[in-house]
Structures are given as structure tokens and as C-alpha cells.
Amino acid sequence: MTSSTSTPGLTRFNTSADSDALAALHEVCASPAWGSKLLAQRPYATAEDLFLASDAATAELTAEDLADAMAGHPPIGRPKPGDPTSAREQRGMAGASEELKAEMLELNLAYQEKFGHVFLICATGRTGEQMRDALRERIANTPEREREIVRAELGKINRIRLTRLVEEDPA
């Protein structure tokens, strides 16, 4: 590992105890299968190697593993209280009108009723209206099509969160 391709956060992740690394990975993605696969491949020479391993692990998630991953995500418009990650990622809903928030709640409930899980979207950089429009569009999908979209969205979220993990300066 060379210093030109490594970051302090990646070095910390590569050298931390398995339990600490697994806890950090769980903050990125709640799927134990995903976290175990990434943990088993340490150390990573570059952040890109970590991202590629994440993409591969995400692609291999079973339906049960995907459900585990989604369980770690709050509904859009209702970030977990005290969770800076979900609040930051859902910033686009922060200034939403009461009407939009009410519509998102209604759509989220209808989506959850149809698919049996939360509506998962990479919310970073999206406005409340963009998320609502995506939800309106995706609720018409078949469960099979929606599962593949969810997998793609999860992959985007995982990359964003892993980027934050490897770019953090050691405490």
C-alpha cells in the first residue's frame, strides 16, 4: 500500500480490529453478508478497490440479505432521530412543504404495503419533489423490477457512505 493511493481513513479501516471494522461497515450497510464479504477482503490497496468489492458484494446479496440492508434505512422524509447520516442524506426533504411531507408519507405507506419494505433511493442531492416523483414512478414496478432498482440504489448509497468512511481523518 502506497501513501499516494491510500487515505488516513482507508488505512485506519484496513488496520482496525475486525470488530471495529465490522461495526463501521454496519454503519454503511446493515446487511451482515455484505459486511462480512468486505471484511474478509481486507486490506484494500485503494478506495476504488474497496468500492469495487462493495459493488460485487451488493450484486451478490440474496433477497434476505437485501431485506437486512433495507432494514437499516429509515423512510424518506423521516430520518432516524439523532442519526446525522440519514439526516444528511435526506436533506432534500428538510425544507419540504407540509403537503409534500404528507404526500410522501402516504406514498411511502402504499409502497411499503405493496413491496413489504421501505422505499429505498439514493437521496443525496435530490430534492423532495424528485424523491416524490421517483416514488410515484417506482410504485408501479413489478416486485422483481423494483428489487433490482433497490439493489442499484443501495450500491450508490454504499459508495457514498464508504467514501465518507475512507476520507475521514483519524480521530
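Phe13 and Tyr44 are both buried, and I begin with them in what is, I should say at once, a predicted model. The two rings form a stacked aromatic pair, with 6.3 Å from centre to centre and 25 degrees between the planes. Where do Phe13 and Tyr44 lie? Phe13 belongs to helix H1, residues 8-15, whereas Tyr44 is in the loop between helix H3 (32-40) and helix H4 (47-59), so this pair ties together parts that are 31 residues apart in sequence. The ring of Phe13 has a further partner: the charged end of Arg42 sits over it, 5.6 Å from the ring centre.

The structure holds three aromatic pairs. Let me turn to Tyr111 and Phe115. Their ring centres are 4.6 Å apart and their planes meet at 50 degrees; a pair counts as stacked under 30 degrees and as edge-to-face over 60, so this one is tilted. Tyr111 and Phe115 are four residues apart in helix H7, which means that about one helical turn separates them. In general, an α-helix has 3.6 residues a turn, so residues three or four places apart point the same way. Are these two residues buried or exposed? Tyr111 has a relative accessibility of 0% and counts as buried. Phe115, with a relative accessible area of 13%, is buried as well. Ring pairs extend the arrangement to Phe119, linking Tyr111, Phe115 and Phe119 into a cluster.

Helix H7 also brings us to helix H8. In H8, residues 128-138, the buried residues are Gly128, Met131, Arg132, Ala134, Leu135 and Arg138. Why can they be assigned to the same side of H8? They cover an arc of only 165 degrees around the axis, and this puts them on the same side of the helix. Among the elements that cover these buried residues are helix H7 (98-115) and helix H9 (143-167).

My last topic is internal space. How many cavities of 30 Å³ or more does the structure hold? There is one, and the largest cavity has a volume of about 110 Å³. Its lining comprises 15 residues, and those nearest the centre are His73, Glu89, Gln90, Ile121 and Ile157. Helix H6 (84-89) and H9 are the elements that give two or more residues to this lining. H9 contributes the most, with three residues. Helix H9 therefore appears twice in this account: it is included in what covers the buried residues of H8, and it gives the most to the lining of the largest cavity.

Terms used:
Residues numbered from 1 in each chain as written. Predicted model: local features only at pLDDT ≥ 70, side-chain atom pairs only at ≥ 80, totals over all residues. Heavy atoms only, no water. Buried < 20%, exposed > 50% of the residue type's maximum accessible area, 1.4 Å probe, protein only. Arc of directions from axis to C-beta. Contact = heavy atoms within 4.5 Å. Phe/Tyr/Trp six-rings, centres within 6.5 Å; stacked < 30°, edge-to-face > 60°. Lys NZ or Arg CZ within 6 Å of the ring centre and 35° of its normal. 1 Å grid on protein atoms, 1.4 Å probe; cavity = no way out; pocket = protein on both sides within 12 Å on 5 of 7 lines; lining within 4 Å. Points joined across faces, edges and corners; volume = space filled by probe spheres on them.
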